[in-house]
Amino acid sequence: MARPQPWWGVSWRLLALLILALMAFGTVGYVLIERWSVWDAFYMTVITITTVGYQEVHPLSRAGEVFTVVILLTGVGAFFYAFTLFMAILSEGKWTERRERRRLARMLDELTDHFIICGFGRMGEIIAREFARHGVPFVVIERNGDRMHLAMEQGFIAVEADASNEDALRRVRIDRARGLVAAVSTDAENVYAVLSARLMKPDLFIVGRAETDDARTKLKKAGADRVISPYHLGGVQLAQTALRPAVVDFVQLATSSENLDLNFEQIHIGDRSSLAGRSLVDAALRQRFGVVVVGIRRADGRMEFNPEPETAIRAGDDLVVLGRAGSLKDLETAAGGRNGQRERATT
C-alpha cells in the first residue's frame, strides 16, 4: 500500500505551482495590458509579489493599476503563506528529517560487500561495535525506533524496519551484501529473517542466533550457514576460564585491539594463488608475513588443526591464521582470495 504524502509536502508543491502560475499570469498580463517587453513585465511581477518597494518599471495605465492590485492581493498572500509554511517546516524539524532521509538513502545506495545486522539489542550492539572496530561495512535493521536511533547516535547506518520484510532487505542492498547476522531477540523472528534472506540471495553467508536447540535446528533448515547459541557459548567460556584461565587470557589478549592488535582470520586460497600447491614450510608464511597457521579448512569442509610443516596448501582451502592486521592483508593479497570471503574466526 502506498505511503500517504505528508501535509507539508503536498502544500509545498501546490504553493510552488501557485506562485509560478501567478508569475506567469502577471508577466502575460503586463505584456498584454501595458505592451511592455517580457523582461519588464516579469520584473514588475516579481517586485510586486515580493513587495520590495521599487517604483514601477514604466508609468501604469488605469487598467495596469487595477491589474497590479489583483497581483498584490493574490501574489503577496501566496508569498507570505509560503514563508509561513517554510518556517513551520523548520520549527517541526521536517526539513532536517527530509535531509536525514536523503542522506540515509545515499549511504544505503553506496553499500557493497557489507553485513546486515538484524536487531540492535545487547547482542546486536556488540556485533556492530566489533564490525566497526575491524572496519567492516554493515547496516543495522531494527524494528524498535528507540533502538534504531541509538544505533544512529553511535554513528552506524540503521533502518527502522522488520528484518524479515523483503522490501526492507532490498532497501539495505541485500543483493550486494557479504553476509547477514540474525540477532533479533526472539527465535521466531530470527528464523523468518534467515528464511527471507536465503530466498532472496541463495549464496549469502548467514549467521543466526538461537536460544534453544529446537531453534538451532529450524535456523539450519531455514538456511543459516552457522547457528550460534549465546548461552551455550557463554557456558563453554565460563568452563574454559575455570579450567584453563591462562589459555583464555591469551586468546583475549591476542584478539583485543587494545593490546597486541592480533586477529584470527580465515584466508581463502584462490585458484590462481602462488601459494596453491606448496607446503606450509615452502610457502614460508611465518617468515614472509609474520602469521601463524593454526588450522586449514579443506574445500570439502574437513578441518585440520595444527598442521605439519609439510602439509600442502591447495586451491579452495581456507587458512585459519593468527597475525597482525597489516600482515593479514598482505597474506590475503598473496592468497588471491575471493573478494568478501574473508571471515573473522570465532574465538
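**Strand 5 and its neighbours**

Reader: In which sense do strand 4 and strand 5 pair?

Author: This is a predicted model, in which local features need pLDDT of at least 70 and side-chain atom pairs count only at pLDDT 80 or more, while totals for chains, interfaces and linings use all residues. Residues are numbered from 1 along each chain as its sequence is written, and side-chain values use heavy atoms, with hydrogens and water left out. Strands are DSSP runs of E, at least two residues, and helices are runs of H or I, at least four, numbered from the N terminus; two strands pair if DSSP finds at least two bridges between them. Strand 4 (residues 179-182) shares 4 bridges with strand 5, where Gly179 stands opposite Phe205, and the sense is parallel.

Reader: Which helix does the chain pass through from strand 4 to strand 5?

Author: This β-α-β crossover is right-handed: with the strands pointing away from the viewer, the path from the first strand over the helix to the second runs clockwise. The connection runs through residues 187-200, helix 8.

Reader: Which residue is the bridge partner of Val207 in strand 6?

Author: Strand 6 (residues 226-228) runs parallel to strand 5, joined by 3 bridges. With helix 9 (residues 213-222), these two strands make a right-handed β-α-β unit. Across from Val207 sits Arg226.

Reader: How many residues of strand 5 are buried?

Author: Buried means under 20% relative accessible area (1.4 Å probe, protein chains only), and 40% of the 347 residues of the protein count as such. Strand 5 (residues 205-209) is largely enclosed by the rest of the structure, because the number of its 5 residues that are buried is 4.

Notes. Buried means under 20% relative accessible area, exposed over 50%, partly exposed in between (1.4 Å probe, protein chains only).
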